Amino acid sequence: MYELYGDPGSGSATVELLLCELGVKYGTRDISLHDGSQRSDQYARLNPQRKIPALVTGDGNVVTESAAILLWLLERHPGSGLLPEPGSPDRAEALRWLLFMATELYPIIEMIDYPERFAPDRCDPEALRNRALEHWHRRWRIVEDNIRGRWLMGESFSICDIYMAVVSRWAGQAAWVAENLPETERVARAVGARTRCRAAWKRHFQPEF
Ligand SMILES: N[C@@H](CCC(=O)N[C@@H](CS)C(=O)NCC(=O)O)C(=O)O
């Protein structure tokens, strides 16, 4: 049994969707980003970086960093087919995209959500946010231009599709994605419509339903 610390619509959605795909039992613990619960000293004992998601395993270990959690879960529950074979060219491509999204896209969110953390004295945080958004758009176009088929990497559904679908909903840019990145939008919707993902997807991204 896993305990997933997160908040609706956040990076914990990547982990929750994977747990659903794997058919693994889990519970959730709410860490509200709205009231800044992730900054509490109590939560920092789980993740000293004071960010979500964090996954507590049945034996009490803690895993943080979304990509690490996903890769570790796939190792713990082998046979899902959600990552290509180790050492294969497809594996290299999957790792490339997973890491691209985790290291080139995800960190930009902090600048968009909390520009004051980065803006030097006398620099307008709003200007910094706008610059970060430009990077967000530019990097998403790289993903869009490389979608190879029904899914990001062709005909095989993978962990990259889950990660991509979640991150594509962020930065208040879901409408921009729908309008400008038709392939990304198509894949994100397809992830949300998967039988095993549907309920969790709605909880995270369509809470009005
Ligand atoms: N590198 C981390 C990034 C985690 C992250 O930035 N999480 C966001 C929510 S999606 C967060 O906790 N933000 C709150 C904050 O920065 O104070 C990961 O991949 O797990």
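**Two domains and a ligand between them**

Let me begin where the two halves of this protein meet: nine residues of domain 1 are in contact with eight residues of domain 2. On the domain 1 side of that meeting, the elements that contribute two or more residues are α1 and α3, and by class this side has six nonpolar and three polar residues, with no charged ones. Please keep in mind throughout that what you see above is a predicted model.

As for the domains themselves, the assignment for the protein chain gives domain 1 as residues 2–76 and domain 2 as residues 89–194, and their centres, taken over C-alpha atoms, are separated by 20 Å.

Stepping back to the whole chain, the secondary structure comes to nine helices and four strands, and if you read along the sequence you will meet them in the pattern β-α-β-α-β-β-α-α-α-α-α-α-α. The C-alpha trace spans about 55 × 40 × 40 Å along its principal axes. For 209 residues, a compact globule would have a radius of gyration near 17 Å, and the protein chain, with 17 Å, agrees with that.

Now to the sheet, which is open and built from four strands in the order β2-β1-β3-β4, with mixed pairing. Because β2 (26–30) and β4 (62–64) stand at the edges and have a single partner strand each, one side of each is left without a neighbour in the sheet. From one strand to the next, the twist averages 25°. Further in, β1 (residues 2–6) and β3 (residues 54–56) run antiparallel and are joined by three bridges; leucine 4, for instance, has leucine 55 in β3 as its bridge partner. Across β1, β2 and β3 lies helix α1 (residues 12–22), which runs at about 150° to β1.

That leaves the ligand, and where does it lie with respect to domain 1 and domain 2? Both domain 1 (2–76) and domain 2 (89–194) give residues to the shell around the ligand, so the ligand lies between them. Of the 14 residues around the ligand, those that come nearest are Ser10, Gly11, Lys51, Ile52 and Ser66. The elements that give two or more residues to this shell are α3 (66–76) and α4 (89–113), and of the elements it is α4 that gives the most, with three residues. By class, the shell has seven nonpolar, four polar and three charged residues, whereas the side of domain 1 that touches domain 2 has, as I said at the start, no charged residues.

Notes. Residues are numbered from 1 along each chain as its sequence is written. This is a predicted model: local features need pLDDT of at least 70, side-chain atom pairs count only at pLDDT 80 or more; totals for chains, interfaces and linings use all residues. Two strands pair if DSSP finds at least two bridges between them. Axes are lines fitted to C-alpha atoms, for helices over the stretch in contact, and angles run from 0 to 180 degrees between N-to-C directions. Two residues are in contact if their C-beta atoms, placed from the backbone, lie within 7 Å. A residue is near a molecule or strand if its C-beta atom, placed from the backbone, lies within 6 Å of it. Ala, Val, Leu, Ile, Met, Phe, Trp, Tyr, Cys and Pro count as nonpolar, Asp, Glu, Lys and Arg as charged, and the others, Gly among them, as polar. Domain bounds come from an automatic or database domain assignment. The radius of gyration is taken over C-alpha atoms; the globule rule is 2.2 Å times the number of residues to the power 0.38.
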